[in-house]
Amino acid sequence: MNKVIFCMALFYSTTSLSQITGKWTSIDDNSGEPRSVVEIIERNGKFFGKVIKIYSKPSENPDPVCDKCPDNDPRFKKKVIGMEILQGLIKDGGEFTGGHILDPENGKIYRCKIWIEGNNLKLRGYWGPFFRTQTWQREAARP
């Protein structure tokens with residue numbers, strides 16, 4: 001009986017982890033257009049996300065650096081593509097919390113949590129008592 005419970009727990013754990021791992025498209029809050037693709041991975045029980053693609057406008061640099069990041073942050077003046085912007089999330093029930101996200105456009109680092117809602121990933125960044133929630137779409141599901 002214990003083996004059955006263990007197998008069920010392992011299946012549930014693996015299934016819920018695979019729900020957030022993979023490639024997600026971040027969507028611009030104002031325009032509704034895709035902004036980037038972030039790949040979320042699990043490493044030693046924590047979750048991290050790295051920018052693997054940027055959808056730039058013709059007037060924007062297609063391969064920007066994070067010149068607005070804090071100058072004491074190791075990501076300062078590094079290329080955004082390949083940058084780990086999501087760090088240290090831990091599974092907590094149906095959410096992943098305790099981590100941080102960097103917004104390379106303004107250089108601010110926010111506490112954050114993520115969860116799955118339907119086929120989308122919801123990411124909420126906190127700065128003091130204020131927060132903003134974004135909806136990310138799984139990359140494979142995008143047309």
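In this predicted model, Phe 47 and Phe 96 are both buried. The two rings form an aromatic pair. Their geometry is edge-to-face, with 5.0 Å centre to centre and 80 degrees between the planes. The pair links distant parts of the chain. Phe 47 belongs to strand β3 and Phe 96 to strand β5, 49 residues apart.

An aromatic pair is also formed by Tyr 126 and Phe 131. Here the arrangement is tilted. The centres lie 5.8 Å apart, and the planes make an angle of 50 degrees. Tyr 126 has a relative accessible area of 19% and therefore counts as buried, since the cut-off is under 20%. In total, the structure holds 2 aromatic pairs.

Two further rings carry a basic side chain over the face. Arg 43 lies over the face of Phe 48, at 3.9 Å from the ring centre. Lys 108 takes up a position over the face of Trp 127, with 4.6 Å to the ring centre.

The protein chain has 143 residues, of which 35% count as buried. Its secondary structure comprises 1 helix and 8 strands. The order from the N terminus is α-β-β-β-β-β-β-β-β. The helix thus precedes the strands.

The largest pocket has a volume of about 840 Å³. It is lined by 31 residues. Closest to the pocket centre are Arg 35, Asp 103, Pro 104, Glu 105 and Arg 132. By class, the lining divides into 17 nonpolar, 9 charged and 5 polar residues. Several strands contribute. At least two lining residues each come from β1 (22–27), β2 (34–43), β3 (46–54), β5 (95–103), β7 (120–127) and β8 (130–138). Strand β8 gives the most, with 5 residues.

Gln 134 is found in this same strand, β8. Its relative accessible area is 14%, so Gln 134 is buried. The Gln 134 side chain is not without a polar partner: a polar contact of 3.0 Å joins it to the side chain of Trp 136.

Backbone geometry was examined next. Most residues other than glycine have a negative phi. Asn 44 has a positive phi of about 55 degrees, although it is not a glycine. Asn 44 is located in the loop between β2 and β3. With 77% relative accessibility, this residue counts as exposed, the threshold being over 50%.

Lys 77 also has a positive phi, near 65 degrees, and is a residue other than glycine. Lys 77 lies in the loop between β3 and β4 (84–92). Its relative accessible area is 54%, so Lys 77 is exposed.

Taken by environment, the residues described above fall into two groups. Asn 44 is exposed, and so is Lys 77. Phe 47 and Phe 96 are buried, as are Tyr 126 and Gln 134.

Note on methods:
Residues are numbered from 1 along each chain as its sequence is written. This is a predicted model: local features need pLDDT of at least 70, side-chain atom pairs count only at pLDDT 80 or more; totals for chains, interfaces and linings use all residues. Side-chain values use heavy atoms; hydrogens and water are left out. On a 1 Å grid over the protein atoms alone, a cavity is a set of points where a 1.4 Å probe fits but cannot get out, and a pocket is an open set with protein on both sides within 12 Å along at least five of seven lines; lining residues have an atom within 4 Å of a point. Grid points are joined across faces, edges and corners, and a volume is the space filled by probe spheres set on the points. Helices (H or I, at least four residues) and strands (E, at least two) are DSSP runs, numbered from the N terminus. Ala, Val, Leu, Ile, Met, Phe, Trp, Tyr, Cys and Pro count as nonpolar, Asp, Glu, Lys and Arg as charged, and the others, Gly among them, as polar. Rings of Phe, Tyr and Trp (its six-membered ring) pair if their centres lie within 6.5 Å; planes under 30 degrees apart count as stacked, over 60 as edge-to-face and the rest as tilted. Buried means under 20% relative accessible area, exposed over 50%, partly exposed in between (1.4 Å probe, protein chains only). A charge sits over a ring if NZ of Lys or CZ of Arg is within 6 Å of the ring centre and within 35 degrees of the ring normal. A polar contact is a pair of N or O atoms within 3.5 Å; within protein, one must be able to donate a hydrogen and the other to accept it, and residues adjacent in sequence count only if both atoms are side-chain atoms.
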